[in-house]
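Thanks for making time this morning. I would like to walk you through one model, going from the overall fold to a group of aromatic rings and then to a pocket.

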Amino acid sequence: MPSVMVNGAELYHEVRGTGPPVLLMMGATGDGGHFDAFARVLADEFTVITYDRRGNGRSPVPAGWRTTSVEEQADDAAGLLEALGTGPAAIFGTSAGGNFALCLLVRHPGWVRGAILHDPGLYALVDDFDVVRAPVRALVQEAIEAGGPALAVERFWAFVAGEAGWNRLAPELRKRLRATASTLFGVELGTYELYMPDDQTLTSLAAPVRLLVSEESEDRLPFLAEIAGRFSERLGVEVATTPGGHDAYHEYPEDLAAAVRPFLGEVSGARI
């Protein structure tokens, strides 16, 4: 299995295609296999790197690892790029992966040519985070009591991606999500949601940022559109809408790839 030791963690990764490097960063559940179809579409123009975040999927739980942070996740991503020798990359982060991508840009600007934040989970921007997370916490708790983390991750994914979302996942991916669900519920949740750099940091970002919100998320998960809108005001950039829901990389990989190609090419110097 293609793995490297980075920042004290063994990270499983895959590299597809040739061209300027693009790193895809997953949010909750942390498995790079979510991006398989999306990565294949982009690989005709870019070197696309996917990876399982520490303790997720095919990346084992580091010894003694009990908590994490956006900073640790950003350091892992920078360390992976360094280990692979890619040089600076364009970054695509979805959901909490958008938080990690933003922190990567803040902490390791030399590794980032530009960042796309898709439905970022920057909950510091909502009026009442406790109200937003209450339905998810109740759903997860009920599922854990009924069937443990494995059932909880299935219910969680159906909440964020719709009832059909779980069935869209490849069987092997579903199996891995069940197997490492304890990372999400026992380690990660509660460590990244309220990450938000101050205004001075945001105005001094060294690379451009693109904001995307999924069309269906505006109806099903309206707080994501609220977050994107408020963050766009902080950054002074526009928000673009992409087809599908929170898991657009599964349902509409070609459309999502078409939406991000111009930015990825521009920041990578592949397009003028």
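What follows is a short tour of this structure, in three parts.

Please keep in mind throughout that this is a predicted model. Starting with the overall fold, the protein has twelve helices and eight strands, and its radius of gyration is 17 Å, close to the 19 Å that the globule rule gives for 272 residues, so the protein is as compact as a globular protein of that length. If you take the principal axes, the C-alpha atoms fill a box of roughly 55 × 40 × 35 Å. Of the 272 residues, 56% are buried, and when we look at contacts with a separation of 6 or more, 77% of them are between residues 24 or more positions apart.

Let me turn to the aromatic rings. A pair of aromatic rings is described by the distance of the centres and the angle of the planes. The count here comes to eight aromatic pairs, and one of them is formed by Phe-35 and Phe-38, a tilted pair with 6.4 Å from centre to centre and 50° between the planes. Phe-35 also pairs with Tyr-249, this time edge-to-face, at 5.3 Å centre to centre and with 65° between the planes. Which parts of the chain does that second pair tie together? Phe-35 lies in the loop between strand E3 (21-25) and helix H1 (36-42), whereas Tyr-249 lies in helix H11 (residues 248-251), so the pair ties together parts that are 214 residues apart in sequence.

Are these rings buried or exposed? Phe-35 has a relative accessible area of 0% and is buried, Phe-38 is likewise buried at 0%, and Tyr-249 counts as buried at 1%, given that buried means under 20% relative accessible area. Ring pairs link Phe-35, Phe-38, Phe-92 and Tyr-249 into a cluster.

Finally, the pocket. The largest pocket holds about 560 Å³ of space and is lined by 29 residues, with Val-136, Phe-156, Leu-189, Tyr-192 and Glu-193 lying nearest its centre. The elements that give two or more residues to this lining are helix H4 (129-161) and helix H10 (222-235), and the largest share, twelve residues, comes from H4. In terms of character, the lining of the largest pocket divides into 20 nonpolar, six polar and three charged residues.

I will stop there, and I am happy to go back to any of these parts.

Notes:
Residues are numbered from 1 along each chain as its sequence is written. This is a predicted model: local features need pLDDT of at least 70, side-chain atom pairs count only at pLDDT 80 or more; totals for chains, interfaces and linings use all residues. Side-chain values use heavy atoms; hydrogens and water are left out. On a 1 Å grid over the protein atoms alone, a cavity is a set of points where a 1.4 Å probe fits but cannot get out, and a pocket is an open set with protein on both sides within 12 Å along at least five of seven lines; lining residues have an atom within 4 Å of a point. Grid points are joined across faces, edges and corners, and a volume is the space filled by probe spheres set on the points. Helices (H or I, at least four residues) and strands (E, at least two) are DSSP runs, numbered from the N terminus. Ala, Val, Leu, Ile, Met, Phe, Trp, Tyr, Cys and Pro count as nonpolar, Asp, Glu, Lys and Arg as charged, and the others, Gly among them, as polar. Rings of Phe, Tyr and Trp (its six-membered ring) pair if their centres lie within 6.5 Å; planes under 30 degrees apart count as stacked, over 60 as edge-to-face and the rest as tilted. Buried means under 20% relative accessible area, exposed over 50%, partly exposed in between (1.4 Å probe, protein chains only). The radius of gyration is taken over C-alpha atoms; the globule rule is 2.2 Å times the number of residues to the power 0.38. Contact means heavy atoms within 4.5 Å.
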